[in-house]
Amino acid sequence: MPIGTPPTSVRPAAAGPAGETARAAAPRTVRGPRRGNLRFPRAERLAPYVLVAPAVLVIAGLRLYPLALGVNFSFTGDGDRNGQNVGWDNYRTLFGDPLFAEAMRNTGLLVLLLPVAVAIPGLLATFIYLRVPGHRLYRSVYFFPAVLSPVIIGAIFNLLLAYDGPANALLGAVGLGPVDWLGDPDVAIYAVVGVHVWATFGMALVVFLAGFATLDTSLIDAARVDGASLPLVIRHVIVPGLARTIQFVVVTTMIGMLTSMFGLLYVMTGGGPEGSTYLPEYYIWFQQGQMSRPALASAASTVLFVVMLAVGLAQLAILRRSGRED
Amino acid sequence: MKRRALWSTALIAPLALYGCGSAAAPDSGSEGGDGTLVVWDWKSGDATAASYIEAAKADFAERHPDVEVEFVAQPFDQYYNLLGTAIQSGEGPDVMLFNGGGQLRDRADALLPLDDLLAEDMDRLAGWEAFTADGQVYAAPVTLQGHPLYYNKALYEEAGLDPEAPAATWEEFLADCAAITEATGADCFAMGNKEGYGIQFFLSGIGPGVLSPEEYDAWIAGDRDWTSPGVRRVFELWVEAEQAGLNNDGVNSTAMFNDEFALFDAGEAAHVVGLMSDVGHWKEFGEFIGAENVGVMPAPVAAAGAAPALPYDGGIGYGVAEWTADPELAADLVRSLTSTAALEAFYADAGAIAADTTIDASGAGPAAAAIVAQIPTGKPALHVALSAETLELMGRLSQELLSGSTTVDEALGELAASDQAS
């Protein structure tokens, strides 16, 4: 009977009590049908289905069915052709739209920038772990932005990065020309991603610190005694010891970058300049609301869903592999 | 176990049924003709619009005392998203507020034609064109929205120029700007194109000084030649103004609302193409630089044959949803919302140029008086005639023009294609 069997990847120590309960329960459930009267076996056979029914119904009714409706809707037209079947027209429009291409390119850029977004909290957590002077202060300071809403962060950085704002004043003071942070199409996306990383790395930092707590300090001490330099300690002791933590942070940071930058984009650039900071989410919102083309937005949503599905499956594979290593 | 399931079913079923019943009740009420009318807008929550809503409600209650009117103020950022969802589902408010132009035309198929129902108001109100699609009126104008070229008289005086005689031609305008920048350090134009709105205001504010009246009228009527010398000249001026340093720095990262207007408010720019109603207008500018210092000038003539007129359209207006139960009742509410008493209150409290031509505006300062005086000869604004898609594309291309990543010819080619497609 599958119910009650502990998943294989769960560590025995953590699953101890649950495992015992399952073992204790197993004989009872096996014995039941054998000695009961004729009415019981059917009830017991049906019980699992009844028990999982709410979850299945919720998923089917509130997830899968709307998803199917959305996909179906993406094959209908907008405006004059509202409700008519237009085949693949929306998808043709979508892939012919330079704005959508830009949005997908930017998604690719985010994936490329992922190592940076993971390395920053990792490195800072390492410094805190190695007790650099003032590490207690840094620990709380680094986490502070994580509690601010993207709208507030966006507004703050709008002021800081304004053409006549403090960031450019600082550059001017050291003799560098002003940079149009949010107005130059080659710079704006990096400015927004930079702010996003600044705003969210606190959470990853905490996860890293938790990972460090499980690290065996005797290994580091041993490496030091053997005369290993700091970079070598990081490379050969800390990183391997934190492999699972790093994988977890990679997955969560990736999800964060792909799904929660809308607020920042909306406040900081509005997709501009020249459409250089569009992301699929923003594109969907824009087409649905501002251009009143909900069917096209549905098509874009479907494409985004497929992309996220692929990314999600890849992430599951990574997590599963790391689970097996353990 | 089975008995317990039966019990809980017996308990839950009436609750569920009760839920359905209570959800259905208000609907059945409004179908009867009298009951509740629901209005969606983004204004009724503002303190400055309170007296307007009161006056409109009172006017409507006089004629239909048994009908309740419910105003639902939506956040403007999300307004058209929410409205789009309502339209998609075919149910929502009975009466709704719209911006004139593309936002209304894109959604005209969800609205009721009002030509017959509002026939009596046609002469009293101005600005119908912005609420007309395919020859039929879909909403009644509440305010007029336009794009006058404002200037700061104090800066003119400081530069030794006559504030009452602004430049009539583009050459004189450039000379004045040079003198002002020299004497005061202020930029010629306050310009914000972060959202791509700067080009829209520039096209409508400066365009009348470039296009001939015939070409202007043809443009409004939908016969637009994007490769004509006049249209090309407008976009060339857009680029030249930036290259000649007439604009403030960082145009593509300056938000029009409200960083651009803040520059004009602070006296850091001498000119701005602003609005007539709501924000970025004579009343707001007057609060900062003094009502007596706010000037309104016609667009400087930059091409022979141009005869500049004030560009304005219906600003916001109320339309009736196609799915409403009683169209006449809803249209009556629209009439109350555009009654003279209500619009007078709106004009006085919100600082909007109301659509009612019978309201006296002489008490609101020289700029408002100058605008109202030009309304009879005014024409619809150039950018309002364009579809939302073309406007969006124009915003993006205008940013590329400023950064030099496209040319005027390429941009006009793309705009012509987009304009034809929509």
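## Exercises on a predicted two-chain model

In helix 10 of chain B, which spans residues 256-265, the buried residues are B:Met256, B:Glu260, B:Phe261, B:Leu263, B:Phe264 and B:Asp265. A residue is called buried if 20 or more other C-beta atoms, placed from the backbone, lie within 10 Å of its own, exposed if 12 or fewer do, and partly exposed in between. Helices (H or I, at least four residues) and strands (E, at least two) are DSSP runs numbered from the N terminus. The model is predicted, with local features needing pLDDT of at least 70, side-chain atom pairs counting only at pLDDT 80 or more, and totals for chains, interfaces and linings using all residues. Residues are numbered from 1 along each chain as its sequence is written, while chains are lettered from A and ligands numbered from 1 in the order in which they are written.

**Exercise 1. Determine what covers the buried residues of helix 10 of chain B, and what follows this helix.**

Step one is to look for contacts, which require C-beta atoms, placed from the backbone, to lie within 7 Å. The cover found in this way includes strand 8 (149-152), helix 7 (198-206), strand 10 (269-273) and helix 11 (282-289) of chain B.

Step two is to inspect the backbone, where the peptide bond from B:Phe257 to B:Asn258 is cis, with omega near 0°, and B:Asn258 lies in helix 10 itself. Helix 10 is then followed by B:Gly267, whose phi is positive, near 75°.

**Exercise 2. Describe the open sheet of 5 strands in chain B and the helix that lies across it.**

Begin with the strand order, which reads 2-1-3-13-6 with mixed pairing; two strands count as paired if DSSP finds at least two bridges between them. Strand 2 (68-73) and strand 6 (139-141) of chain B stand at the edges with a single partner strand each, so each has one side without a neighbour in the sheet. Neighbouring strands are turned against each other by 25° on average, direction ignored.

Next, take one pair in detail: strand 6 and strand 13 (residues 316-320) of chain B run antiparallel over 3 bridges, and B:Pro141 has B:Gly317, in strand 13, as its bridge partner.

Finally, add helix 12 (residues 327-337) of chain B, which lies across strand 1 (36-41), strand 2, strand 3 (95-99), strand 6 and strand 13, and runs at about 165° to strand 13. For such angles, axes are lines fitted to C-alpha atoms, for helices over the stretch in contact, and the values run from 0 to 180 degrees between N-to-C directions.

**Exercise 3. Work out how domain 1 and domain 2 of chain B are placed and how they touch.**

First come the bounds, taken from an automatic or database domain assignment, which gives domain 1 as 33-144 + 313-370 and domain 2 as 149-309 + 386-421. The centres of the two domains, taken over C-alpha atoms, are separated by 29 Å.

The contact then takes 15 residues from domain 1 and 16 residues from domain 2 of chain B. On the domain 1 side, helix 4 (102-105) and helix 14 (366-374) each supply at least two residues, and helix 14 gives the most, with 4 residues. By class, this side of domain 1 has 8 nonpolar, 6 polar and 1 charged residues, where Ala, Val, Leu, Ile, Met, Phe, Trp, Tyr, Cys and Pro count as nonpolar, Asp, Glu, Lys and Arg as charged, and the others, Gly among them, as polar.

**Exercise 4. Characterise the side of chain B that touches chain A.**

Count the participants: 22 residues of chain B are in contact with 19 residues of chain A. Helix 3 (76-89) and helix 15 (388-403) of chain B are the elements giving two or more residues to this side, and the largest share, 7 residues, comes from helix 15. Sorting by class gives 2 nonpolar, 11 polar and 9 charged residues.

**Exercise 5. Locate B:Asp134 and B:Asp278, and state the burial of each.**

For B:Asp134, phi is near 50°, a positive value in a residue other than glycine. B:Asp134 sits in the loop between strand 4 (132-133) and strand 5 (136-137) of chain B, and is exposed, with 8 other C-beta atoms within 10 Å.

For B:Asp278, phi is likewise positive, about 70°, although this residue is not a glycine. B:Asp278 belongs to the loop between strand 10 and helix 11 of chain B, and is partly exposed, with 19 other C-beta atoms within 10 Å.

How values were computed:
Contact = placed C-beta atoms within 7 Å.
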